[in-house]
Amino acid sequence: QVQLVESGGGLVQAGGSLRLSCTASGRTFRSYPVGWFRQARGKEREFVAAVTWSGYPTYYADSVKGRFTISRDNAKNTAYLQMNSLKPEDTAIYYCAAGTSGGLTGYDYRYWGQGTQVTVSS
């Protein structure tokens, strides 16, 4: 079993940056691909970014390409989402997920965190 906990969310002004962390318990974390998803209030969950077990390659939604960077440190059981040039439309609850057997950009991950709120003000 894997338990995921997100942290690093908060309030930031447009153009600012945040770094989200997803820390996992369990020895198998290093073997799992990891994805970041977000869900704005009143909207559907959407894919943001994903990374393979080895850290390469990475995948990004078109809306965040060039602004967000996903990475992982398997020794620390932690994945990260560096978010730069934030926009108000990035406001959402951000979730990390691990363990998909399917496509990394899909929603079929086995393990999910509780989410962390990111709010970007104008």
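**Notebook: an all-strand chain**

I began at E44, which sits in the loop joining β4 (34–39) to β5 (46–51). I note at the outset that the model is predicted.

**Entry 1. Surroundings of E44**

Is E44 buried or exposed? I found a relative accessibility of 69%, so E44 counts as exposed, the cut-off for that class being over 50%. I then listed its contacts, leaving out residues up to four places away in sequence, and E44 touches R38 and Q39. I also took one distance from E44 to another part of the chain. G10 is 34 residues away from E44 in sequence, and their C-alpha atoms are 21 Å apart in space.

**Entry 2. Overall fold**

I next turned to the secondary structure. How many helices and strands does the protein chain have? I counted 0 helices and 11 strands. Read from the N terminus, the order of elements is therefore β-β-β-β-β-β-β-β-β-β-β. I compared the radius of gyration with the globule rule: the chain has 13 Å, close to the 14 Å given for 122 residues, so it is as compact as a globular protein of that length. Along the principal axes, I found that the C-alpha atoms fill a box of roughly 40 × 25 × 25 Å.

I looked up the contacts of the chain as well. Of those with a separation of 6 or more, 58% are accounted for by residues 24 or more positions apart.

**Entry 3. Burial, surface and charge**

I recorded that 43% of the 122 residues are buried. The accessible surface of the protein chain is about 6400 Å², and carbon and sulfur atoms hold 47% of that surface. For the charges, I counted 13 positive and 8 negative ones in the chain. The mean positions of these two sets lie 7 Å apart.

**Entry 4. The disulfide**

Which cysteines form a disulfide? I found C22 and C96, with their sulfur atoms 2.0 Å apart. This separation satisfies the criterion of sulfur atoms within 2.5 Å, and the count for the structure comes to 1 disulfide. The pair links distant parts of the chain, 74 residues apart: C22 belongs to strand β3 (residues 18–25), and C96 belongs to strand β9 (residues 92–98). I read an angle of 65° about the S-S bond, and the link of C22 and C96 is right-handed. I checked the accessibility of the two cysteines, and both C22 and C96 are buried.

**Entry 5. Backbone geometry in the loops**

I then went through the backbone angles. Where is the cis peptide bond that I noted? It runs from Y56 to P57, with omega near 0°. P57 lies in the loop between β5 and β6 (58–60).

I noted two residues with positive phi. N77 has a phi of about 55° although it is not a glycine, and I placed N77 in the loop between β7 (68–73) and β8 (78–83). Its relative accessibility is 22%, so N77 counts as partly exposed; the class of buried residues ends under 20%.

S85, likewise a residue other than glycine, has a positive phi near 50°. I located S85 in the loop between β8 and β9. With 42% relative accessibility, S85 counts as partly exposed.

Key:
Residues are numbered from 1 along each chain as its sequence is written. This is a predicted model: local features need pLDDT of at least 70, side-chain atom pairs count only at pLDDT 80 or more; totals for chains, interfaces and linings use all residues. Side-chain values use heavy atoms; hydrogens and water are left out. Helices (H or I, at least four residues) and strands (E, at least two) are DSSP runs, numbered from the N terminus. The radius of gyration is taken over C-alpha atoms; the globule rule is 2.2 Å times the number of residues to the power 0.38. Buried means under 20% relative accessible area, exposed over 50%, partly exposed in between (1.4 Å probe, protein chains only). Contact means heavy atoms within 4.5 Å. Accessible areas come from the Shrake-Rupley method with a 1.4 Å probe; for residues, only the protein chains shown count as cover. Lys and Arg count as positive and Asp and Glu as negative; His and the chain ends are not counted. The place of a charge is taken as NZ of Lys, CZ of Arg, CG of Asp or CD of Glu.
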